[in-house]
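Q: Please take a close look at one part of this model and describe what surrounds it. Then set that part in its wider context.

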Amino acid sequence: MKIFRVVSHKRTLLGFKRSFSREPELKDFLNYLDNLKNYEKCGVPKDAGTDSSHGFDLGRMNRLMDRLGNPQTGFKAVHIAGTKGKGSTAAFLANILRTEGYAVGCYTSPHVRTIRERISLGKLGEPVSAKALNCLFHRIKPILDEAVALENGRLSHFEILTAMAFKLFDQGNVDVAVIEAGLGGARDATNIISSSGLAAAVITTIGEEHMAALGGSLESIAMAKSGIIKHGCPVRWFSLHIYITALWLVLGGPFLPHIEHIFLDKASSMCSPVVSASGPGNRSAVKGVSKSNGKPFQSCDIVIEVERDFKLFIELFDVKLQMLGIHQLQNAATATCVALCLRDKGWRISDESIHAGLEHTYLLGRSQFLTSTEAETLGLPGATIMLDGAHTKESAKALVDTIQMTFPEARLALIVAMASDKDHMAFAREFLSGGQLEAVFLTEVNIAGAKSRTTSASMLRDCWIQASKELGINTLHDGMEEYQKLFENQSFCSAGESKHKTILAAENSLPVSLRVGNQILRARTRDQTGIIVITGSLHIVSTVLSSLHG
């Protein structure tokens, strides 16, 4: 039964109908991609990312690259894998290198507003232009058509896009490409870079995401991601006394001890020494949070000091990171360590470029606060609205910690939409345990432009109810008479027990969730700070931003 009183805001209600920007100039290209297998829409098959008979066929990708002239051999690359943090680490590193003056290609996924965000090249870091992408597509389309036919239609959306990114980097004469792996590492389409083309490799973190696709355990996930370590690619580890040669793999971490051993064993079997960015000589700290031009930033110190068979050293003080949270500080430290490794190899990278590159880095949907104009456009004038694509247990905890660090007294209204293959219970537990929640609205959006991986609002609500019961947290939900009375009377700040309970609501409409969530937050917080947090996936972030800027 619908009990929300809906007030129509024409632009808002109409603007949320789409998740991804459709650019007219790219119509043919996007339609072509839509006809390919897209695992972001339909989900990844069991064990597809493992280095086994069930894994993706990397030979298919190699055959495609052969037909395109093997563009991946035309540039040096930094290859980044990991459960979380790889996109942010890629952005930090790419900006460091651009600040130094290098022409940088950067390939990441997924995108938020336009597919062009996945590919950037040059010294400015702007997404590839629609014209450049369209021209390349039409030039190589006969080759792509032939490849798709010869592979019996098995070439995927991600494989074609990856091949096109590498082709753009080659023809654009980039000095270096920063490449984010899509899934795992061993059988990922990006893992066609030879050891001779690898400037460095990075594994950021290991966590419980894509478990089924990557073998079902943390250990199998680590093995899959270690597949980016190549023969002849030395991996440096601070505690090993080994001869260090030219190439690098940097570990972000910190990792569980048995996960560390998996990387060490794999490196040893391939005669590759490992480098850790979480070594004992590395110290990073957030000193405080301030605002500049209405946007928060965290002031940080980053010190990297390694003295073993080699020496890496840098002291960066008062780095103003726009990317908020301890996890982003760790990503910045990892990127810094990679930059120092490249410098040790002879790359020209100054301390000043590292400092400035870190400060210039900003990504949509990572602890992003909307402007007052954007909030008003959504029909929520005066609201403080935060967007974050967190969708795992670990990223939920990182978001909770970031909010508590940035606005320690804030009360929250969460607006959550998630994909079906995520751990909804673990996500809920982190927010219920750590957040000062007034209301949680469970809603729905398309995932990668389709409904096949969308989790229903009612299923999400049931997970949050169960999680709250397990944690002994009192909530109000639609199975309770008290909840019905609350909404019928719109008495969100009424006295009594109700005002101390978190409201859990399932609402299919994202605009209605936002409007009523804001109404509850205003009624309950009054003079206190209240924040609407839109989270659960980058797809809900994309939906909101597309409605604003589509």
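A: The lining of the second largest cavity divides into six nonpolar residues, four polar ones and no charged residue. In this count Ala, Val, Leu, Ile, Met, Phe, Trp, Tyr, Cys and Pro are nonpolar, Asp, Glu, Lys and Arg are charged, and the others, Gly among them, are polar. The model is a predicted one, in which local features need pLDDT of at least 70 and side-chain atom pairs count only at pLDDT 80 or more, while totals for chains, interfaces and linings use all residues. Residues are numbered from 1 along each chain as its sequence is written, and side-chain values use heavy atoms, with hydrogens and water left out.

The residues around the second largest cavity are V400, I403, Q404, F407, A410, L412, F431, G434, G435 and Q436. Two elements each give two or more residues to this lining, α13 (393-406) and α14 (424-434). The largest contribution is that of α13, with three residues. Helices (H or I, at least four residues) and strands (E, at least two) are DSSP runs numbered from the N terminus.

The volume of the second largest cavity is about 50 Å³, and the structure holds two cavities of 30 Å³ or more. On a 1 Å grid over the protein atoms alone, a cavity is a set of points where a 1.4 Å probe fits but cannot get out, whereas a pocket is an open set with protein on both sides within 12 Å along at least five of seven lines; a lining residue has an atom within 4 Å of a point. Grid points are joined across faces, edges and corners, and a volume is the space filled by probe spheres set on the points.

The helix α14 can be followed further through its buried residues, which are H424, M425, A426, F427, A428, F431 and L432. Buried means under 20% relative accessible area, exposed means over 50%, and partly exposed lies in between (1.4 Å probe, protein chains only). F431 is thus found both in the cavity lining and in the buried set of α14. An α-helix has 3.6 residues a turn, so residues three or four places apart point the same way. The buried residues of α14 pack against α13, β13 (411-416), β14 (437-442), α15 (457-471) and β17 (530-535). A contact here is a pair of heavy atoms within 4.5 Å.

The second largest pocket is another space to set beside this cavity. About 860 Å³ of space lies in that pocket, and 34 residues line it, with E117, G125, P127, Y362 and L363 nearest its centre. Elements giving two or more residues to the pocket lining are α5 (86-100) and α18 (538-549). Seven residues, the largest share of the pocket lining, come from α5. By class the pocket lining has eleven nonpolar, 15 polar and eight charged residues, while the cavity lining has no charged residue.

Elsewhere, some loop positions deserve a check in the viewer. T204 is in the loop between β5 (198-203) and α8 (218-225), and it counts as buried because its relative accessibility is 3%. Leaving out residues up to four places away in sequence, T204 touches I80, A81, G82, T83, K84, G85, K86, T89, G252, G253 and F255. G253 also belongs to a cis peptide bond, the one to P254, with omega near 0°. P254 lies in the loop between β6 (249-251) and α9 (257-269). A further cis peptide bond runs from S109 to P110, with omega near -5°, and P110 sits in the loop between β2 (104-107) and β3 (119-122).

N70 is not a glycine, yet has a positive phi of about 50°. Its loop runs between α4 (58-67) and β1 (76-81), and N70 is partly exposed, with a relative accessible area of 25%.

For the whole protein, the secondary structure comes to 18 helices and 17 strands. Buried residues make up 59% of the 550 residues. Among contacts with a separation of 6 or more, 76% join residues 24 or more positions apart. The C-alpha trace spans about 70 × 55 × 45 Å along its principal axes.
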